[in-house]
Amino acid sequence: GARIETRALSKVYRGATRPAVDDVALTIEAGEFMTLLGPSGSGKTTTLNMIAGFEDVTAGQILLGDADIARVPPHRRNLGVVFQNYALFPHMTAADNVAFPLKQRKVGKREIARRVAEALDLVRLGEHGSRLPSQLSGGQQQRVALARAVVFEPRALLLDEPLGALDKKLRESLQLEIARLHKELGITFVFVTHDQEEALALSDRIAVFRDGHIEQVGTPAELYEKP
Ligand code: ADP
Ligand code: ADP
């Protein structure tokens, strides 16, 4: 996994009177599980989308390892991304969804078959590769999305409220799945949520967002344990 650092990162949306993200400096160590926590509208998604390359940066730098990627196109950043609404291709089987990023990268057929099987096993969907998304539960669809996001060995995995669309029981099981995935892959995870319990359960460190900037950064113990 790679270290990610934002320097004086800001975003002002067109027509907005104030910045959605305002001068954010955040360092995420290689292999760390970092959560961006805060209320709706506090700038978490905008920050993640600038790291992913889905939103232009108004000002500032984003370092991935040693390189400033702020102006590198998203597909060249080598980052895995998972959203709340799984965004699977509905006409493709689970296996074809997972194979997609490898085909884009012109990986050979035999290697694709091997890595897709491995990625589906990793999220415990080894038996379900031939199913269409509509034939899978919400939790299973999100696990396909996770497999697709990590199959090309990205330098970091970015997750935006990946559990947000699931009911409570599924949230809990997928939370464990995400923790296990982080442990097994050992890559950097950046996880967006407004749910404090979720952040406490998963994170090495938490960055608390408010009104477009970071209020506090620390381990769950540093932030929430009473002295
Ligand atoms: P969340 O808070 O779950 O990240 P929102 O409901 O705030 O999502 O936003 C949903 C979509 O609408 C996103 O694509 C976001 O970029 C866009 N959006 C949010 N706020 C505005 C706004 N004020 N003007 C235009 N688009 C917005
Ligand atoms: P969060 O992820 O913490 O809910 P966002 O990053 O989605 O926060 O939003 C931060 C601010 O930027 C909010 O005021 C939101 O309305 C605004 N915003 C988000 N997306 C857009 C957009 N596409 N266009 C205009 N304003 C936006």
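Trainee: How many helices and strands does the secondary structure of the chain come to?

Mentor: This is a predicted model. The secondary structure of its chain comes to seven helices and 10 strands.

Trainee: What does the radius of gyration say about the chain?

Mentor: The radius of gyration is set against a rule for globules of a given length. Here the chain has a value of 17 Å, close to the 17 Å that the rule gives for 227 residues, so the chain is as compact as a globular protein of that length. Along the principal axes, its C-alpha atoms fill a box of roughly 45 × 40 × 30 Å.

Trainee: How many of the residues count as buried?

Mentor: A residue is buried when its relative accessible area is under 20%. In this chain, 49% of the 227 residues meet that. About 11400 Å² is exposed, and carbon and sulfur atoms supply 48% of that area.

Trainee: Which contacts join residues at least 24 apart?

Mentor: Take the contacts between residues at least 6 apart in sequence: 70% of them join residues at least 24 apart. One pair of residues separated along the chain is His91 and Leu132, which are 41 residues apart, with 6.9 Å between their C-alpha atoms.

Trainee: Where does His91 lie, and is it buried or exposed?

Mentor: His91 sits in the loop between β6 and α2. Exposed means over 50% relative accessible area. His91 has 62%, so it is exposed.

Trainee: What span should helix α4 have?

Mentor: A helix is checked by counting 1.5 Å a residue. For α4, residues 138-150, the 13 residues should span 18 Å, and the end C-alpha atoms are 19 Å apart, which agrees.

Trainee: How many residues of α4 are buried, and what do they pack against?

Mentor: α4 is mostly covered, with 12 of its 13 residues buried. Gly139, Leu146 and Val150 are among them, as are Arg143 and Arg148. The buried residues of α4 pack against β6, α2, α3, β7 and α5.

Trainee: How many residues does α5 have, and which of them are buried?

Mentor: α5 has 18 residues and reaches 26 Å from its first C-alpha to its last, close to the 26 Å expected. Its buried residues include Leu174, Ile178 and Leu181, along with Arg171 and Glu177. They pack against elements including β3, α3, α4 and β8.

Trainee: Which residue follows α5?

Mentor: Gly186 follows α5, and its phi is positive, near 65°.

Trainee: How many positive and negative side chains does the chain have?

Mentor: There are 29 positive and 29 negative side chains, and the centres of the two sets lie 6 Å apart.

Methods:
Residues numbered from 1 in each chain as written. Chains lettered and ligands numbered in written order. Predicted model: local features only at pLDDT ≥ 70, side-chain atom pairs only at ≥ 80, totals over all residues. Heavy atoms only, no water. Helix = DSSP H or I, 4+ residues; strand = E, 2+ residues; numbered from the N terminus. Rg over C-alpha atoms; globule rule 2.2 N^0.38 Å. Buried < 20%, exposed > 50% of the residue type's maximum accessible area, 1.4 Å probe, protein only. Contact = heavy atoms within 4.5 Å. Areas by Shrake-Rupley, 256 points an atom, 1.4 Å probe, with all protein chains shown as cover. Lys, Arg positive; Asp, Glu negative; His and termini not counted. Charge placed at Lys NZ, Arg CZ, Asp CG, Glu CD. Expected span 1.5 Å × (residues − 1).
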